[in-house]
Amino acid sequence: MTKKLFLAVLLCMTALTMSAQRTKHALGVHIGGATVDVEYQYHLSDKNFLDVTAGIFDFGDGFAAQGIYNWNVKQWGDWTPKFATWKLWAGVGAGIGAYHDFMFGPVGTVGFGFTPKKLPLTVGVDYRPMVAFVLGDEFDVLSTGFYNFGLTVTYRF
């Protein structure tokens, strides 16, 4: 009886894991050279997805929210066919936030990562620069956003 129950639970968990890899939503974190963000992704198709992040900018000196439209530039399923699917993505978008005063500007991204075949996770490294124009008493352009190389881990559900 316990073997049948164990097998049933194992089959249900496998089915949930497999369906999670085909879902449209992902939630995770991005830890970069200029930001630490909570990240939400909505996959429009196999070829593109929206990426919305919110978090601290310049490690506590500010806050930033970004929206990026990404394209899956290339996908490799045969590099490690039993382990993961690898992909290269790139996108453009915009960001707003506060860094002593209001800031805004264009955002880009280029990333490379993998999604394991048996887990609903995606792990990647990326470059996500933001040209931040600060409006306030004086106009300024922040160079901090140019150094935003980072690690992204998302859970697909």
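Which residues make up the largest nonpolar core? Select Phe57, Ala64, Ile68, Tyr99, Met103, Val107, Met130, Ala132, Val134 and Leu142, ten residues in all. A nonpolar core is a set of buried Ala, Val, Leu, Ile, Met, Phe, Trp, Tyr and Cys residues joined through side-chain atoms within 4.5 Å; buried means under 20% relative accessible area, exposed over 50%, and partly exposed in between, with a 1.4 Å probe and protein chains only.

This is a predicted model, in which local features need pLDDT of at least 70 and side-chain atom pairs count only at pLDDT 80 or more, while totals for chains, interfaces and linings use all residues. Residues are numbered from 1 along each chain as its sequence is written, and side-chain values use heavy atoms, with hydrogens and water left out.

**The core**

Colour strand E4 (62-80), strand E6 (101-116) and strand E8 (132-135), the elements that give two or more residues to the largest nonpolar core. Strands here are DSSP runs of E, at least two residues long, numbered from the N terminus. In soluble globular proteins, nonpolar side chains tend to be buried together.

Next, select Val134. Leaving aside neighbours within four places in sequence, Val134 is in contact (heavy atoms within 4.5 Å) with Tyr99, Asp101, Phe102, Met103, Phe139, Asp140 and Leu142.

**The salt bridges**

Move to Arg128. The structure holds three salt bridges, each a side-chain nitrogen of Lys or Arg within 4 Å of a carboxyl oxygen of Asp or Glu.

- Add Glu39: its side chain meets that of Arg128 in a salt bridge, 3.4 Å from N to O. Glu39 lies in strand E2 and Arg128 in the loop between E7 and E8, so the pair ties together parts 89 residues apart in sequence.
- Add Asp51: the closest N and O atoms of Asp51 and Arg128 are 3.6 Å apart in a salt bridge. Asp51 is in strand E3 (residues 48-57), and this pair is 77 residues apart.
- Add Asp126: here the closest N and O atoms of the salt bridge with Arg128 are 3.0 Å apart. Both Asp126 and Arg128 are buried.

Shared partners join Glu39, Asp51, Asp126 and Arg128 into one network of salt bridges.

Methods:
Helix = DSSP H or I, 4+ residues; strand = E, 2+ residues; numbered from the N terminus.
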